[in-house]
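Here are some friendly notes to read alongside the structure. I have kept each point short, so you can check it in the viewer as you go.

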Amino acid sequence: MSKYEKLWQFLQEENQEKYKLSYEQIKGILGFEIDHSFLTYKKEAKEYGYEVLKISMKEKVVYFEKLK
């Protein structure tokens with residue numbers, strides 16, 4: 001099981017077309033802050049029907065979009 005499994009399940013269960021989640025929101029879902037390893041794990045989102053569009057370090061948000 002991936003350490004980001006809870007995040008991917010959240011995206012899938014909420015089933016929205018697009019998400020803009022702050023680092024704090026993601027921390028609330030996961031129980032820990034995202035770190036540099038997220039760049040490696042982000043490809044797992046596709047297994048749950050989503051992709052990471054953008055990670056904004058300045059805004060501290062991550063954008064997700066449902067795969068078509």
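1. A good place to start is Lys-54, which sits in strand β2. Please keep in mind that this is a predicted model. With a relative accessibility of 44%, Lys-54 is classed as partly exposed, because that class covers values between 20% and 50%. Leaving out residues up to four places away in sequence, Lys-54 touches Val-61, Val-62 and Tyr-63. The C-alpha atoms of Lys-54 and Lys-20 are separated by 9.4 Å, although their positions lie 34 residues apart along the chain.

2. Ser-56 is also part of strand β2. Is Ser-56 buried or exposed? Its relative accessibility is 7%, so Ser-56 counts as buried, the cut-off being under 20%. Setting aside residues up to four places away in sequence, the contacts of Ser-56 are Tyr-23 and Val-61.

3. Now for the sheet that holds these two residues. What is the order of its strands? The order is β1-β3-β2, in an open sheet of three strands with antiparallel pairing. The edges are formed by β1 (18-22) and β2 (50-56), each of which pairs on one side only. From one strand to the next, the twist averages 20°.

4. The pairing of β1 deserves a look of its own. Strand β3 (residues 61-66) runs antiparallel to β1, and five bridges join them. Lys-18 stands opposite Glu-65 in β3. In a regular strand, side chains alternate between the two faces of the sheet. β1 shows this alternation: Tyr-19 and Leu-21 point to one face and are buried, whereas Lys-18, Lys-20 and Ser-22 point to the other face and are not buried.

5. Two helices meet the sheet. Helix α1 (residues 5-14) packs on it and touches β1, β2 and β3, its direction making about 140° with that of β1. Helix α2 (residues 23-30) lies across β1, β2 and β3 and runs at about 90° to β1.

6. Which residues of α1 are buried? They are Glu-5, Leu-7, Trp-8 and Leu-11. Viewed down the axis of α1, these buried residues fall within an arc of 165°, so they line one face of the helix. As a general point, an α-helix has 3.6 residues a turn, so residues three or four places apart point the same way. The buried residues of α1 pack against β1, α2, α3 (38-41), β2 and β3. Just after α1 comes Asn-15, and its phi is positive, near 55°.

7. The packing of the two helices on each other can be described quite simply. The angle between α1 and α2 is about 105°, and their axes are 8 Å apart. That makes α1 roughly perpendicular to α2, because angles of 65 to 115 degrees are classed that way. The residues making the contact are Lys-6, Leu-7 and Phe-10 of α1, together with Ile-26, Ile-29 and Leu-30 of α2.

8. Leu-7 is worth displaying with its surroundings. Apart from its neighbours within four places in sequence, Leu-7 is in contact with Leu-21, Ile-26, Ile-29, Leu-30, Phe-38 and Phe-64. Which members of the largest nonpolar core touch the most other members? Among its 16 residues, these are Leu-7, Trp-8, Phe-38 and Phe-64. Two or more residues of this core come from each of α1, β1, α2, β2 and β3, and α1 gives the most, with three residues. In soluble globular proteins, nonpolar side chains tend to be buried together.

9. To finish, have a look at Lys-27, which has its place in helix α2. Lys-27 has a relative accessible area of 32% and is partly exposed. Not counting residues up to four places away in sequence, Lys-27 touches Phe-32 and Glu-33. The C-alpha atoms of Lys-27 and Leu-7 are 9.3 Å apart, and the two residues are 20 residues apart along the chain.

Conventions: Residues numbered from 1 in each chain as written. Predicted model: local features only at pLDDT ≥ 70, side-chain atom pairs only at ≥ 80, totals over all residues. Heavy atoms only, no water. Pairing = 2+ DSSP bridges. Helix = DSSP H or I, 4+ residues; strand = E, 2+ residues; numbered from the N terminus. Axes fitted to C-alpha atoms, helices over the stretch in contact; angles between N-to-C directions. Contact = heavy atoms within 4.5 Å. Buried < 20%, exposed > 50% of the residue type's maximum accessible area, 1.4 Å probe, protein only. Arc of directions from axis to C-beta. Core = buried A, V, L, I, M, F, W, Y, C linked by side-chain atoms within 4.5 Å. Parallel < 35°, antiparallel > 145°, perpendicular 65-115°, else oblique.
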